[in-house]
Amino acid sequence: MEKHQIITETEIETKRLAENLAQLLKPGDVITLEGDLGAGKTTFTKGLANGLGIKRTVSSPTFTIVKEYEGELPLYHMDVYRLEGSEEDIGFDEYFNGSGITVVEWAHFIEDYLPEERLNVNIEYKDEHSRVLTFEPIGRHFNSIVRELIG
Amino acid sequence: MGEFSMTKETYILGIETSCDETAVAIVKNGSEIVTNVVASQIESHKRFGGVVPEIASRHHVEQITMVLEEAFELSKLSWDDIDAIAVTEGPGLVGALLIGVNAAKALAFAKQKPLIGVHHIAGHIYANRLEQEFQFPLLALIVSGGHTELVLMKEHGHYEVIGETRDDAAGEAYDKVARMLHLPYPGGPHIDRLAAEGNVTIDFPRAWLEEGSFDFSFSGLKSSVINTIHNAKQRGEVLEDKDIAASFQSSVVDVLTTKTVKAALNHNVKQVIVAGGVAANKGLRNELVNKFADLDIPLVIPPLKLCTDNAAMIAAAGTISYHQGKRSGLDLNANPSLILK
């Protein structure tokens, strides 16, 4: 599968990249986010929310598993870390086939529920502020999005 | 309202299913618990090993009827005694919230009782009124796995969020640092215990944010803990987990208590109350007690069983709405991102 890498030097750059990505998304799109604690998964999502015109503070969804925000498109922000090994289905289909954008942090814990076509994003720690972002699009729609985003 | 209704007792049935717990309670006059049943505490569940997170709505569906029956059985009350049904309408997990909301709507319709939607955080605040009467204006510090907020109340039923977290909730920061230290979930109590054994040897950052802001941020602290552990490992140094825990806790407690004190003085409050699961943290409790003892502002910290999610707090908050004439229609819907106001 095709992978595209990009290095961001600052938190603001990471947010801006996500903001640009938001402009290219359509209802029902699913983005998975992987990366260690503190890599910047929630930071990336904050940028995405900005791009979707969401005014409310996007805070971490770890405890509640899902947080929903209203914007030009609704944003469903999930952190499924707490579902590790539980085989819980909290109604994923309704989110993934819904009218909004779904972002799933620690998505590998719900591998079986994820839609086939999606955009996998991995955020890797380079140094204190710098990150390596790897985009792995699955399906034609996400391929063209990543090509347009990274050019 | 005539004199007769002034002297009549008010019994409100509360239902809470916003996250992990399926809970039903009956509260008298907004301040006295008649019954407070939480599914994970029911005897028949203990053989399954106690608390399992009830995040799936399926679990709530299985339990709601049983919990409801248990609440009535223990209360010795009947439906005739109940004045209204209060239910958590948000925020929380939509699938979980829907079970409570739909159960409440069905009961309100079948039993012809008024229906009252309650904000989960208003519930956490009103858990304190089950212990002590409110004095206004009051300041509430809500600290839990999902929330870190400062709420100003000038009268019953009116809430002004004057500060909130911009990233991780305090409880989440605890859980994430616990993950780094390979402690089990939820990590808060483990960090609290370790912190008591360790020393503050690392100067972790404190996010004060802009001058005069009562908002919080714990994401930078989390990153700093991660970097510190990472860098020490690369240099071959060994950091004691208990010292990391003590240093981390010291930063969290310092920010939480300092901002709460500033907000209390700034708004001239007559009472400060603490709510949410992290209110059980000994380091936080001790420091709050110390700081407010010097200021002559009464501080209320509820017992642990009222800090965690329960339905008595929903019934207590619902009682105020009931007396203020606030009612929800049968079109009440679960709102996962409900705003407190």
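**Figure 1. Chain B of this predicted model is split into two domains**. Domain 1 of chain B is built from two stretches, 11-127 and 307-323. Domain 2 of chain B covers 136-301. Between the centres of domain 1 and domain 2 of chain B, taken over C-alpha atoms, lie 29 Å. Nine residues of domain 1 of chain B and 14 residues of domain 2 of chain B make up the contact.

**Figure 2. The surface buried between domain 1 and domain 2 of chain B comes to about 960 Å²**. Carbon and sulfur atoms give 78% of that area. Three residues stand out on the side of domain 1 of chain B: B:Ile121, B:Ile125 and B:Cys307. Together they supply 54% of what domain 1 of chain B buries against domain 2 of chain B. No other three residues supply more.

**Figure 3. Polar contacts, but zero salt bridges, are found between the two domains of chain B**. The salt-bridge rule returns zero across the interface of domain 1 and domain 2 of chain B. Three residue pairs are in polar contact there, with both partners at pLDDT 80 or more. On the side of domain 1 of chain B that touches domain 2 of chain B, helix α5 (residues 120-126) of chain B gives the most, with six residues. By class, this side of domain 1 of chain B has seven nonpolar and two polar residues. Charged residues are absent from it.

**Figure 4. Chain A combines four helices with seven strands**. Read from the N terminus, the elements of chain A follow the order β-α-β-α-β-β-α-β-β-β-α. The series for chain A thus opens with a strand and ends with a helix. Along the principal axes, the C-alpha atoms of chain A fill a box of roughly 35 × 35 × 30 Å. Chain A has 151 residues and a radius of gyration of 14 Å, which agrees with the value near 15 Å for a compact globule of that length.

**Figure 5. Chain B holds 12 helices and 10 strands**. The box filled by the C-alpha atoms of chain B is roughly 70 × 50 × 30 Å, again along the principal axes. For 341 residues, a compact globule would have a radius of gyration near 20 Å; the 21 Å of chain B agrees.

**Figure 6. Chain B meets chain A through 28 residues of chain B and 26 residues of chain A**. The area buried between chain B and chain A is about 2400 Å². Carbon and sulfur atoms account for 56% of this area. Zero salt bridges are counted between chain B and chain A. Nine residue pairs are in polar contact between chain B and chain A, both partners at pLDDT 80 or more. Three helices of chain B, α3 (57-75), α6 (170-180) and α8 (219-234), each supply at least two residues of the side that touches chain A. By class, this side of chain B has 11 nonpolar, seven polar and 10 charged residues.

**Figure 7. A cis peptide bond joins B:Gly90 to B:Pro91**. Omega is about -10 degrees at this bond. B:Pro91 sits in the loop between β4 (84-90) and α4 (94-111) of chain B.

**Figure 8. B:Phe136 and B:Pro137 are linked by a cis peptide bond**. Here omega is near -5 degrees. B:Pro137 belongs to the loop between α5 and β6 (138-143) of chain B. B:Phe136 is where domain 2 of chain B begins, with bounds 136-301.

**Figure 9. B:Gln112 has a positive phi although this residue is not glycine**. The value of phi at B:Gln112 is near 55 degrees. B:Gln112 is placed in the loop between α4 and β5 (115-119) of chain B.

How values were computed. Residues are numbered from 1 along each chain as its sequence is written. Chains are lettered from A and ligands numbered from 1 in the order in which they are written. This is a predicted model: local features need pLDDT of at least 70, side-chain atom pairs count only at pLDDT 80 or more; totals for chains, interfaces and linings use all residues. Side-chain values use heavy atoms; hydrogens and water are left out. Domain bounds come from an automatic or database domain assignment. Contact means heavy atoms within 4.5 Å. Buried area is the accessible area (1.4 Å probe) that two parts lose on being put together, summed over both. A salt bridge is a side-chain nitrogen of Lys or Arg within 4 Å of a carboxyl oxygen of Asp or Glu. A polar contact is a pair of N or O atoms within 3.5 Å; within protein, one must be able to donate a hydrogen and the other to accept it, and residues adjacent in sequence count only if both atoms are side-chain atoms. Ala, Val, Leu, Ile, Met, Phe, Trp, Tyr, Cys and Pro count as nonpolar, Asp, Glu, Lys and Arg as charged, and the others, Gly among them, as polar. The radius of gyration is taken over C-alpha atoms; the globule rule is 2.2 Å times the number of residues to the power 0.38.
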